[in-house]
Amino acid sequence: DSPEAATEVAKSLSSGGLLQHMKQGLGHTDPAVQRTAAEVVAKLAKCETCRCSDEIVSLVPSLMALHSASEGSGEASIATIIQATRALGNICYEHDAGRLAVLESGGAEAIVSLLQRAISWPDDCNRPPHKTEGQAGEDTTACSAVQELRIVVTGFLLNLTNSCDKITSVLCTPECISCLSRYLEQHCDEEDIPTHVLLALACMADS
């Protein structure tokens with residue numbers, strides 16, 4: 001359970017063939033396989049040694065592809081988007097190489113599009129809530145799938161923009177600012193989403 005032991009396990013996973021299997025899983029035709037592969041990558045990327053490896057960073061284009069491949073608002077599509085977004089957010093956590101990989105894979109446009117889609121979908125309050133698993137540095141509580149997606153995508157935005165001027169300058173557009181204003185208006189009484197958005201806006205203001 002020591003940090004040293006966790007680091008050694010992470011090194012073994014990164015240097016072995018597991019991540020190649022994850023890449024194949026992310027490109028699989030079965031959405032359930034894609035979702036599971038993205039979830040495994042998200043868990044691995046919570047470890048600094050893993051997320052800073054070239055093997056994990058090489059999965060960014062495959063994770064980004066799941067955003068456009070799962071455009072529907074159905075439960076299965078949202079679940080896949082959540083796992084892919086969580087993985088990307090973890091890869092970007094205090095990791096400039098991961099952030100730049102996202103940017104080079106069209107991440108700026110993709111995250112604005114996802115922010116807009118997530119805020120436009122109904123809250124789906126009738127769906128039974130479930131406990132969520134946060135990104136690196138984040139702890140979330142029980143919520144609907146759509147609400148979970150909003151928490152995860154704003155967390156991804158924060159991890160993407162934090163202390164990275166090259167990305168914040170690209171995202172600092174009227175379209176993005178307008179969308180983030182909607183998040184603040186609709187979720188002003190909550191904790192995670194306003195915190196993520198306000199900190200991301202502060203990063204943009206400092207760029």
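Colleague: Where is His187 found in this model, and what kind of model is it?
Modeller: You'll find His187 in the loop between helix H12 (174-186) and helix H13 (192-206). The model is a predicted one.

Colleague: What makes His187 count as buried or exposed?
Modeller: Buried means under 20% relative accessible area. His187 has 3% relative accessibility, so it counts as buried.

Colleague: Which residues is His187 in contact with, leaving aside its neighbours within four places in sequence?
Modeller: Ile119, Gln147, Arg150, Ile193 and Pro194. To be called contacts, heavy atoms have to lie within 4.5 Å.

Colleague: What about Glu94, is that one buried or exposed, and why?
Modeller: Exposed means over 50%. Glu94 comes in at 57% relative accessibility, so it counts as exposed. Its place is the loop between helix H7 (75-92) and helix H8 (96-104). Its phi is near 50°, a positive value in a residue other than glycine.

Colleague: Where is Ser163 found, and why is it called exposed?
Modeller: Ser163 sits in the loop between helix H10 (145-161) and helix H11 (165-171). Its relative accessibility is 62%, and the cut-off is over 50%, so Ser163 counts as exposed. Ser163 isn't a glycine, yet it has a positive phi of about 60°.

Colleague: How many disulfides does a search of the whole structure find?
Modeller: Zero. A disulfide needs a pair of cysteine sulfur atoms within 2.5 Å.

Colleague: Why does Cys52 have no bond to the closest cysteine sulfur?
Modeller: That closest sulfur belongs to Cys47, and it is 8.8 Å from the sulfur of Cys52. Against a limit of 2.5 Å, that is too far for a bond.

Colleague: And what rules out a bond for Cys176?
Modeller: Its closest cysteine sulfur is in Cys179, 6.7 Å away, so that's too far as well.

Colleague: Why is Cys52 called partly exposed, and what is Cys176 called?
Modeller: Cys52 has a relative accessible area of 37%, which lies between 20% and 50%, so it is partly exposed. Cys176 has 1% relative accessibility, under the 20% cut-off, so it counts as buried.

Colleague: How many helices and strands does the protein have?
Modeller: The secondary structure comes to 13 helices and zero strands.

Colleague: What percentage of the residues in the protein is buried?
Modeller: Of the 207 residues, 48% are buried. The protein exposes about 9600 Å², with carbon and sulfur atoms supplying 52% of that.

Definitions and conventions. Residues are numbered from 1 along each chain as its sequence is written. This is a predicted model: local features need pLDDT of at least 70, side-chain atom pairs count only at pLDDT 80 or more; totals for chains, interfaces and linings use all residues. Side-chain values use heavy atoms; hydrogens and water are left out. Buried means under 20% relative accessible area, exposed over 50%, partly exposed in between (1.4 Å probe, protein chains only). Helices (H or I, at least four residues) and strands (E, at least two) are DSSP runs, numbered from the N terminus. Accessible areas come from the Shrake-Rupley method with a 1.4 Å probe; for residues, only the protein chains shown count as cover.
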